[in-house]
Amino acid sequence: MVDYHCHLLPGLDDGATDLAEALAMARALADFGFSEVCCTPHCVKGQHETSPVEVREAVQHLQRILDGAGIPLILQPGMEYYLDGCFESFAANLLPLGESRLVLCEAPPQVRPEVVAAMLELIVVQGYIPLVAHPERSESVYRLLTIDAEMPGETTSRPEAARVASTDQ
């Protein structure tokens with residue numbers, strides 16, 4: 001099994017607070033049957049501004065520790081991007097999940113649907129596929145996904161960026 005959304009890297013966001021907690025989480029994931037984990041710290045302007053380089057380095061460091069501890073997990077780098085108006089400052093240097101084209105993102109509940117759609121489009125135009133975390137938390141995602149149903153008889157099409165994969169972990 002693969003976990004595509006995990007805050008395993010210690011001290012980078014509101015996930016694992018230290019190495020001991022990260023090791024305990026990694027052991028639990030492996031014991032449960034996971035073989036691969038995408039480490040996806042939050043990327044939020046003004047709160048969690050870890051760079052893709054720092055995430056890759058943290059993944060490599062933790063992978064060495066897991067290997068030494070005999071914990072059979074393969075770690076992949078990634079980030080969970082917050083789709084607010086500040087996302088644009090990160091959009092030119094996105095870190096997808098591992099070797100995939102998937103970019104994990106979260107639509108804040110207070111952000112208007114048109115802002116979320118524009119931020120999703122920034123991901124798509126770069127050749128990536130948005131993977132929406134926690135879609136159940138966002139009215140904006142709901143509105144983007146139901147726009148066709150709200151306009152019976154009209155031939156509107158929702159933005160291509162609204163046709164996204166989702167994860168609710």
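**Exercise 1. Overall architecture**

Of the contacts in the chain with a separation of 6 or more, what percentage is accounted for by residues 24 or more positions apart? State also the secondary-structure content and the extent of burial.

*Solution.*

1. The model under study is a predicted one. Residues 24 or more positions apart make up 72% of the contacts with a separation of 6 or more.
2. The chain contains four helices and eight strands. Their order along the sequence is β-α-β-β-α-β-β-β-α-β-α-β.
3. The chain has 169 residues, and 47% of them are buried.
4. About 8,500 Å² of the chain is exposed, and 53% of this area is supplied by carbon and sulfur atoms.

**Exercise 2. The nonpolar cores**

Identify the residues that touch the most other members of the largest nonpolar core, and determine which element gives the largest share of this core.

*Solution.*

1. The largest nonpolar core has 41 residues. Those touching the most other members are Leu 8, Leu 66, Leu 73, Leu 75, Tyr 81, Leu 83 and Phe 87.
2. Two or more residues are given to this core by each of helix H1 (19-32), strand S2 (36-39), helix H2 (52-69), strand S6 (102-106), helix H3 (113-124) and helix H4 (139-146).
3. The largest share, six residues, comes from H3.
4. A second, separate core has six residues, among them Cys 38, Leu 97, Leu 102 and Leu 104.
5. As background, nonpolar side chains in soluble globular proteins tend to be buried together.

**Exercise 3. The surroundings of Leu 83**

List the residues that Leu 83 touches, leaving aside those up to four places away in sequence.

*Solution.*

1. Leu 83 is one of the residues that touch the most other members of the largest core.
2. With residues up to four places away in sequence left out, Leu 83 touches Cys 105, Glu 106, Ala 107, Pro 108 and Val 111, and also Val 115, Val 116, Met 119, Leu 120 and Ile 123.
3. Val 115, Val 116, Met 119, Leu 120 and Ile 123 recur among the buried residues of H3.

**Exercise 4. Helix H3**

Test whether the span of H3 agrees with its number of residues, then describe the buried residues of H3 and the elements against which they pack.

*Solution.*

1. H3 has twelve residues, and at 1.5 Å a residue the expected span is 16 Å. The end C-alpha atoms of H3 are 16 Å apart, so the span agrees with the expectation.
2. The buried residues in H3 are Pro 113, Val 115, Val 116, Ala 117, Met 119, Leu 120 and Ile 123.
3. An α-helix has 3.6 residues a turn, so residues three or four places apart point the same way.
4. The buried residues of H3 pack against S6, strand S7 (129-133) and H4.
5. Val 124 also belongs to H3, but at 26% relative accessibility it counts as partly exposed.
6. Between Val 124 and Arg 101 there are 9.8 Å in space, C-alpha to C-alpha, and 23 residues in sequence.

**Exercise 5. Aromatic pairs**

Classify the two aromatic pairs by geometry, and assign each ring-bearing residue as buried or exposed.

*Solution.*

1. The structure holds two aromatic pairs. In one of them, Phe 32 and Phe 34 lie 6.0 Å apart, centre to centre, with 25 degrees between the planes. Because planes under 30 degrees apart count as stacked, this pair is stacked.
2. Phe 32 has a relative accessible area of 63% and is exposed, whereas Phe 34, at 16%, counts as buried.
3. Tyr 81 and Phe 87 are 5.8 Å apart, centre to centre, and the angle between their planes is 75 degrees, which makes the pair edge-to-face.
4. Tyr 81 is buried at 1% relative accessible area, and Phe 87 is buried at 0%.

**Exercise 6. Salt bridges and a positive phi**

Which residues form the two salt bridges, and where does His 134 lie?

*Solution.*

1. The structure holds two salt bridges. Lys 45 and Glu 49 form one, with 3.9 Å from N to O. Lys 45 is partly exposed at 40%, as is Glu 49 at 42%.
2. Glu 114 forms a salt bridge with Arg 112, with the closest N and O atoms 2.6 Å apart. Glu 114 counts as partly exposed at 47% relative accessibility.
3. His 134 lies in the loop between S7 and H4. Although not a glycine, His 134 has a positive phi of about 55 degrees. At 8% relative accessibility, His 134 counts as buried.

Definitions and conventions
Residues numbered from 1 in each chain as written. Predicted model: local features only at pLDDT ≥ 70, side-chain atom pairs only at ≥ 80, totals over all residues. Heavy atoms only, no water. Core = buried A, V, L, I, M, F, W, Y, C linked by side-chain atoms within 4.5 Å. Buried < 20%, exposed > 50% of the residue type's maximum accessible area, 1.4 Å probe, protein only. Contact = heavy atoms within 4.5 Å. Areas by Shrake-Rupley, 256 points an atom, 1.4 Å probe, with all protein chains shown as cover. Phe/Tyr/Trp six-rings, centres within 6.5 Å; stacked < 30°, edge-to-face > 60°. Expected span 1.5 Å × (residues − 1). Salt bridge = Lys/Arg side-chain N within 4 Å of Asp/Glu carboxyl O.
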